[in-house]
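Open the model in your viewer and keep the selection panel at hand. The stops below are meant to be taken in order.

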Amino acid sequence: MQQSAEDKQLIARAEDAVDLAERRYMQKTVGFLNPRQRHLIETKVVVPETVKAVFFGGYAEAERTMLICCPAYEEPDVTGAAAVLLITGRGIAGLSHRDYLGSLMGLGITRENIGDIVVEEERAVLFVRREMSGYILQNLTRIGRCGIKIEETALDTLVIQPKAVEEIRQTVSSLRLDCVVAAAIHVSRARAAEMIEGELVSLNFEVCSRVSAHINEGDLLSVRGYGRMRLASIGGLTRKNRQGIVILRYL
């Protein structure tokens, strides 16, 4: 696949971070990255043995992660790279992820400075770049029409509830995109192909219109109107030579 100018710029930034960690023995970060950007760096950027490069999003199931590079003999300073902010307040139960993201970007904060936004029943948890935390604490006073309380908390004391998922166990004739989509959302393969060709399906955050695209374990799918799902595991072949798969659909 041909790389866009944005992809090339991202790869160059990651290579610079690796280079500075190796030559100047300093920690450098890139991010926050969506899974597609992370995959691009993982497959295109060479990391020497003298550099430790990790992806960190604040908690185990983080979707958006930072690239942290440091000398191999050090441990990454994750608290120096990212901050976690808690938001509480009356009436926030009705707020959505879009409300929080819109308010942050309304302050002029770019998307790469914002990690996951975890919306829970009585609070929201924001993961942000350390450099932006003070600005957000001082200036984010409302989300939509709701007044809020915002404070920083320690990463090592934070507990995030696991995402609600539906486990779907299916068999498919192959790991083509149309086969996996059909199995995931319970439609015919022909209907899945129509949706893919109509650019209603994204693979790892990028619209994919190729019905024959190969799906790998861990790939993230997004189908308009059906939400997001991940190919969690690939099993063995059945007696009818069909491939067993497990799909996690996020609720």
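A crossing of two helices is called left-handed if the near helix is turned anticlockwise from the far one by less than a right angle, and right-handed if clockwise. Helices (H or I, at least four residues) and strands (E, at least two) are DSSP runs, numbered from the N terminus.

This is a predicted model, in which local features need pLDDT of at least 70 and side-chain atom pairs count only at pLDDT 80 or more, while totals for chains, interfaces and linings use all residues. Residues are numbered from 1 along each chain as its sequence is written, and side-chain values use heavy atoms, with hydrogens and water left out.

**Whole chain.** Start with everything shown. The protein chain has seven helices and 15 strands, and its C-alpha trace spans about 60 × 50 × 35 Å along the principal axes. Of its 251 residues, 43% count as buried, where buried means under 20% relative accessible area, exposed over 50%, and partly exposed in between (1.4 Å probe, protein chains only).

**Helices 6 and 7.** Select residues 177–185 and 189–197. The axes of helix 6 and helix 7 come within 8 Å and cross at roughly 110°; that makes helix 6 roughly perpendicular to helix 7. Axes are lines fitted to C-alpha atoms, for helices over the stretch in contact, and angles run from 0 to 180 degrees between N-to-C directions. Angles under 35 degrees count as roughly parallel, over 145 as roughly antiparallel, 65 to 115 as roughly perpendicular and the rest as oblique. Helix 6 passes helix 7 in a right-handed crossing.

Now show side chains. Which residues of helix 6 meet helix 7? They are Leu177, Asp178, Cys179, Val181, Ala182 and Ile185, set against Arg189, Ala192, Ala193, Met195 and Ile196 in helix 7. Contact here means heavy atoms within 4.5 Å.

**The four-stranded sheet.** Move to the open sheet whose strands run in the order 5-6-4-9 with antiparallel pairing; two strands pair if DSSP finds at least two bridges between them. Strand 5 (114–119) and strand 9 (149–153) are at the edges with a single partner strand each, so one side of each has no neighbour in the sheet. Neighbouring strands are turned by 20° against each other on average, direction ignored. Strand 5 pairs with strand 6 (residues 124–129) over four bridges, and valine 119 stands opposite alanine 124 in strand 6.

Add helix 4 (residues 97–106), which packs on the sheet and touches strand 4 (82–88), strand 5 and strand 6. Then add helix 5 (residues 130–139), lying across strand 4, strand 6 and strand 9 at about 130° to strand 6.

**Isoleucine 143.** Select this residue in strand 7 (residues 142–143). Is isoleucine 143 buried or exposed? Isoleucine 143 is buried, with a relative accessible area of 0%. Beyond residues up to four places away in sequence, isoleucine 143 touches Ile87, Leu95, Asp99, Tyr100, Ser103 and Ile148. The C-alpha atoms of isoleucine 143 and aspartate 99 are separated by 6.5 Å, with their positions 44 residues apart along the chain.

**Strand 15.** Finish at residues 243–250, where six of the eight residues of strand 15 are buried. Strand 10 (residues 165–172) pairs with strand 15 in the antiparallel sense over eight bridges, with glutamine 170 opposite isoleucine 245. Strand 14 (residues 227–237) also pairs with strand 15 in the antiparallel sense, over six bridges, and methionine 229 has arginine 249 as its bridge partner. Strand 14 and strand 15 form a hairpin with five residues between them; in the turn, asparagine 241 has a positive phi of about 65°.
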